[in-house]
Structure formats: structure tokens, C-alpha cells
Amino acid sequence: MTAARIALASLAIAVLAAVPWFGSDVLVQFGINALLLAVLAQGWNIIGGYAGYASFGNSVFYGLGSYGVAITMVQWELPFAFGLAFGVLMAVIFAFLLGLPVLRLKGHYFAIATLALAQVMIAIVSNVPLAGQNIGLVLPPLNNDPLFYELALGLLTAVTLTIFWLTRSRFGFGLIAIRENEEGAAVMGVNTTLYKVLAFALSGVFSALAGGIHAYWITFLDPESAFDISLNVKMIIMAVFGGPGTILGPVIGALTLSAVSELLSSEVTSVAGLFFGIVVVAAVVLMPRGLADIVRRFRKSGWRYFAENIKAHRI
Amino acid sequence: MSAILEISHVTRRFAGLVAVNDVSFTLDEGEILGVIGPNGAGKTTLVSMISGTLAPSSGNIVFEGNSITRLPAFRRARLGIGRTFQIMRPFPGLSVLDNVAVGALFGRGEETAGLAEARERALGYLEFVGLGKSIGRRADELGGPGRKRLELAKALAMQPKLLLCDEVMAGLNHVEIDEVVEVIRKVRDEGISILVIEHVIKAIKSLSDRLLVLHHGEKIADGEPEAVLSDAAVVEAYLGKRRA
């Protein structure tokens, strides 16, 4: 990375970090949501974008992180940090226990198997007294939005740096090789099973941390909202819109889509619900490789870029 | 010479079909062993069982004195078994250079090079196979002959002790075949043992120290190329029974 890029990235982080000092309360609250969604999109990027396994199970990590914080703070009356650690621990255990069987499946089968995980978790958690069953848990309120904002920004920086490291590490190259051709990767010496499970766990760690921060901020938690499959759909759309398998794509995708979605829901409420549906269709048809790919190729192909993608899909 | 690879009584069934039937042979260190046979003879199945992407139904595979029959493919790769695929398996979205760098990063030995060093080594192997000018292109932009060379460079970057070549000459013209034959000879001169599967009889006859013939999954001949190719059973397998 050149010095100019380091400077630019630091500047962007500094500007974002300063938002609570000059922005309105509404902006800060929007920021917390958008940053946490960006963390989730980046978390998904590790398993979906780099390893090529389209996981619908990442909302489970998010839910485990939320419940980790809630159970620790409400039932055991321990500090927030312990809650985050507990959530991460549960996410890692979950990644190993379920990753081993589920990651043997490929393509659509993997997606379908993980799709079921969130439903199963709702059923389980609804019956666990420690987790408040289906009534949920109410956390002690902490009225400090700037703190949550900075935590979310710090987490987003951490996951993005992790992905930056992936792109120039042996581990990351192994994941990309698995995505591009799993059998080819295995005969070249990549321990595919271990790498896939590690990527799933790493993805889970960041998703769980995002869930934990969100739970403490919202101060209320029930099974339906913690293991919400539509959240998983959202993180996939954001990552794919921005460019899966790129360092900054999912962040840009998450922040842009959050902003547009927020504007729409405040201005024209009736079409806001349609928004994500339209984005999915447009993204898949016009730019299947995301914003990052447009930036790379637009200069060469111009507007033909979109036409070429349509042609490639034989629509 | 000592054997680097010993195959004993290896069989592989696919449901009712016996693809490889009770095949035994050895491959000596530094030797080039050619494996020929008509389509469907079980050649690729045999290579897949040695590289670990297919498990044998029965039989034993010994590499450098240790049984590897139950080892997963990636462990065999790290022990020093490299292979190329007949149906090429590049990492399509990666550059040609990075395709080969994966081999340098993960090949033989537990902890290998860092990324910069891996790319540097990859460049060397690409120049060796004659792809030095294409390093920046995406692997899926290469044509057939280029992909064959890429397969070879990827396998070589793993620094294998045993190289399994599955039809690296298929679809190449005469000039290209001569070049690949030359490359494989040079690889052997580095001390690497080689098993070559090929359809191009002329090329494999001059290249191999020894020839092994598979037919319907069974070994029907094994020996000096000249002798094997004039063997009655081999001629029959390829040309059918001569009418009296």
C-alpha cells in the first residue's frame, strides 16, 4: 500500500470518527446502523466473497453475539466486554461444530443448509430459560450513542484491515484458490476443510461482535429479531452490490445502500420496501461483480459495460 | 534405483464399473514412466488415486516407503506429489502469476514462502514452461496450449518429487508437443520422477524410460517402450484383432 493510500484511508476514518461531534443525533443513530451493517457485509465477504461459500448462516453468528452480551449482562450481571467475549466464543464454537458438516456441501446445497440454521436457532433459543425464552431479554440501558458509534467504526476498521491482510497472506490465497477451484486447490496442498472452517469462524467473530454491540445499543432482544434471516439477505445484497471478494466493496455497498434506503423510507415510505428488491434485480443483471468491478472496467468499456453484462446473461 | 512410488493391487469401482482392476507397478526415482491405453482404460482414475482426489476401493499406494492410501489430497501434495489435470483446472479469476504462486505457497514442505517470494518463484517456473510473457493475464484468458503449460507450471511450483502429467500434450501441434517433451525432460534432469499419461504414442515412446499399458482397467503390458509397443496384446487393444 502506498503512502498516499494510507493517508487517504486514515483521513476517511478520521472524518467518520468525528461525526458524533458535528452530526445530529439522527445522523449518529443512522451511522451506528450503517456501520454495523457494513461490518456484517464485510464479515460475509470473508466466507462468501473470498472463500466463495454463499452463507445464509451469518445471521446466526449475529444472533449468538447479541445473546452473548444479553445473557452475560442480564443474567450474570457481568460487564459488556465479557458479553462480547462470550458471544465470540459461542460463534466460534458454532462455526466449528456446524461448519464441519455444512461446509462439505457445495453451491446451492450449502446455501439451503445454512438457510435453515437461523430457523433452528429461533426454535432452540425460544425454549432456553437462560435466554429469556420467546419473551427475550431487556438489557441495562446505556444512553451514549457516540460510544456505540465509535465502537462500530472501530470494528469496521478492524474487519477491513483483516480483509486487507487476507489479500496478501497465504491464508487468503488459500481461500481464493478454494473459491476459484476447490479440487485444484486441494491437489496443490491447500487444506480445504480447515481453511473453510477457519474462514467461517473468522466471518462469525466479526458478525458476533456486531450483534453484541447492536444488542447493548438497542437494549432489547428477542429470538425473532436476533436470528432474522432478512438481515442475512441484506448483508449479502450489500456485499454483492459493492463487490464481493474486494477489500472496500462491501463497505461502500453497505454505506451507499443504507443511505439510499434511509432517504427513501423518510421521503417516500410506500416504495421503500420495494427498494431492496429492485437493487437485487438491477445488481444481478447489470453488475454481477459489484461496484468495485465497475470502477475497474468502466474506463475501458464505458456504458457498454452494462450491455455486456446483460448479453452475458442471455437476457 | 529405489522405487519412489509403489502401487499394489489397486482397484477402483464406480457402482458396477471396474475402472481400475488390480493394478500393480512401481516407479523408480528419476524415472519417466509412460502410461498409455485406449479411452476409458482407467488412466485418469489411476492418477486421481495417486494424487488423492479419488480413494481406491482396495489396494495400497506407497510413496517413499510410507503408505499414503488414506491421506487427503493436500497432505500428498505437501509430501511432494504434484499433478496436472487433463481437464484443466486453473483458478480462472486469478492472474497467471498468482495461479502458479499458489503452488509455491502451499506445495511441498509445511511452511513455505511469503507472497513476494512465492511470486518470484512462480515467475521462474512460468519462464521455464514458456509463459513468461503472459504473467499479468487472467488464467481464463489463456488458450488451450497456454493452459496446458500453466497446469505444468502450477504443478512444478509445488516443488514435487513426483510429477503426474495427465495428457499435457493433448490438443497441441507438433511444434508445441516437441517443446513440452523438452520441458518434461528438463524436469526429469532436475531429479523429479514423472508419470506421464498420453495419447500421442510417438511423443511418449521417445520420452518414456518405461511404458505401462492399461486396457479396460487392467495392466496388459509393462516394460521397454519398443518391446511394449510391438507386444501382441497391446497391438490388439489399440487396433483390434488382426484377421487371419
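**A close look at A:Met90, which sits in helix α4 of chain A.** Skipping residues up to four places away in sequence, A:Met90 touches A:Leu64, A:Tyr67 and A:Gly68; contact means heavy atoms within 4.5 Å. A:Ala208 is 118 residues from A:Met90 in sequence, yet the two are 8.6 Å apart in space, C-alpha to C-alpha. As for the names, helices (H or I, at least four residues) and strands (E, at least two) are DSSP runs, numbered from the N terminus. Keep in mind that this is a predicted model, in which local features need pLDDT of at least 70, side-chain atom pairs count only at pLDDT 80 or more, and totals for chains, interfaces and linings use all residues, while side-chain values use heavy atoms and leave out hydrogens and water. Residues are numbered from 1 along each chain as its sequence is written, and chains are lettered from A and ligands numbered from 1 in the order in which they are written.

**A nonpolar patch on the surface of chain A, with A:Trp76 as one of its members.** The patch covers about 590 Å² and is built from A:Trp76, A:Leu78, A:Phe82, A:Val120, A:Ile124, A:Val128 and A:Leu130. To join a patch, a residue needs over 30% relative accessible area and no salt bridge; like charges are joined within 9 Å, and nonpolar side chains (Val, Leu, Ile, Met, Phe, Trp, Tyr) within 5 Å. The areas come from the Shrake-Rupley method with a 1.4 Å probe, and for residues, only the protein chains shown count as cover. A:Trp76 lies in the loop between α3 (58-75) and α4 (80-102) of chain A. Its relative accessibility is 39%, so A:Trp76 counts as partly exposed: buried means under 20% relative accessible area, exposed over 50%, and partly exposed in between (1.4 Å probe, protein chains only).

**Strand β8 of chain B, mostly covered.** This strand spans residues 193-197, and five of its five residues are buried. B:Ser193, B:Leu195 and B:Ile197 point one way, while B:Ile194 and B:Val196 point the other. That back-and-forth is a general habit: in a regular strand the side chains alternate between the two faces of the sheet. What does β8(B) pair with? Strand β3 (residues 32-36) of chain B runs parallel to it over four bridges, with B:Leu33 partnered by B:Leu195. Strand β7 (residues 162-166) of chain B is also parallel to β8(B), over five bridges, and here B:Leu163 stands opposite B:Ile194. Two strands pair if DSSP finds at least two bridges between them.

**An open, antiparallel sheet of four strands in chain B.** The strand order is β2-β1-β4-β5. At the edges are β2 (17-28) and β5 (66-67), each pairing on one side only. Strand β1 (residues 3-14) and strand β4 (residues 58-63) are joined by five bridges, and B:Ser8 stands opposite B:Asn60 in β4(B).

**B:Ser208, tucked into a loop of chain B.** Look between α7 (201-207) and β9 (210-215) to find B:Ser208. Is B:Ser208 buried or exposed? Its relative accessibility is 6%, so B:Ser208 counts as buried. A polar atom of its side chain lies 2.8 Å from the backbone oxygen of B:Ile204. Leaving out neighbours within four places in sequence, B:Ser208 is in contact with B:Ile32, B:Leu33, B:Gly34 and B:Pro225.

**Charged partners, including B:Glu226 with B:Lys205.** A salt bridge is a side-chain nitrogen of Lys or Arg within 4 Å of a carboxyl oxygen of Asp or Glu, and the structure holds 13 of them over all chains. In general, side chains of opposite charge can pair when their charged atoms come close. B:Arg138 and B:Asp140 meet at 2.8 Å, N to O; B:Arg138 is partly exposed at 29%, and B:Asp140 is partly exposed at 32%. For B:Glu226 and B:Lys205, the N to O distance is 3.6 Å. This pair links distant parts of the chain, 21 residues apart: B:Glu226 is in helix α8 (residues 225-229) and B:Lys205 in helix α7, both of chain B. B:Glu226 is exposed at 55%, whereas B:Lys205 is partly exposed at 34%. Elsewhere, salt bridges that share partners join B:Glu31, B:Arg210, B:Lys219 and B:Asp222 into one network.

Definitions and conventions. A polar contact is a pair of N or O atoms within 3.5 Å; within protein, one must be able to donate a hydrogen and the other to accept it, and residues adjacent in sequence count only if both atoms are side-chain atoms.
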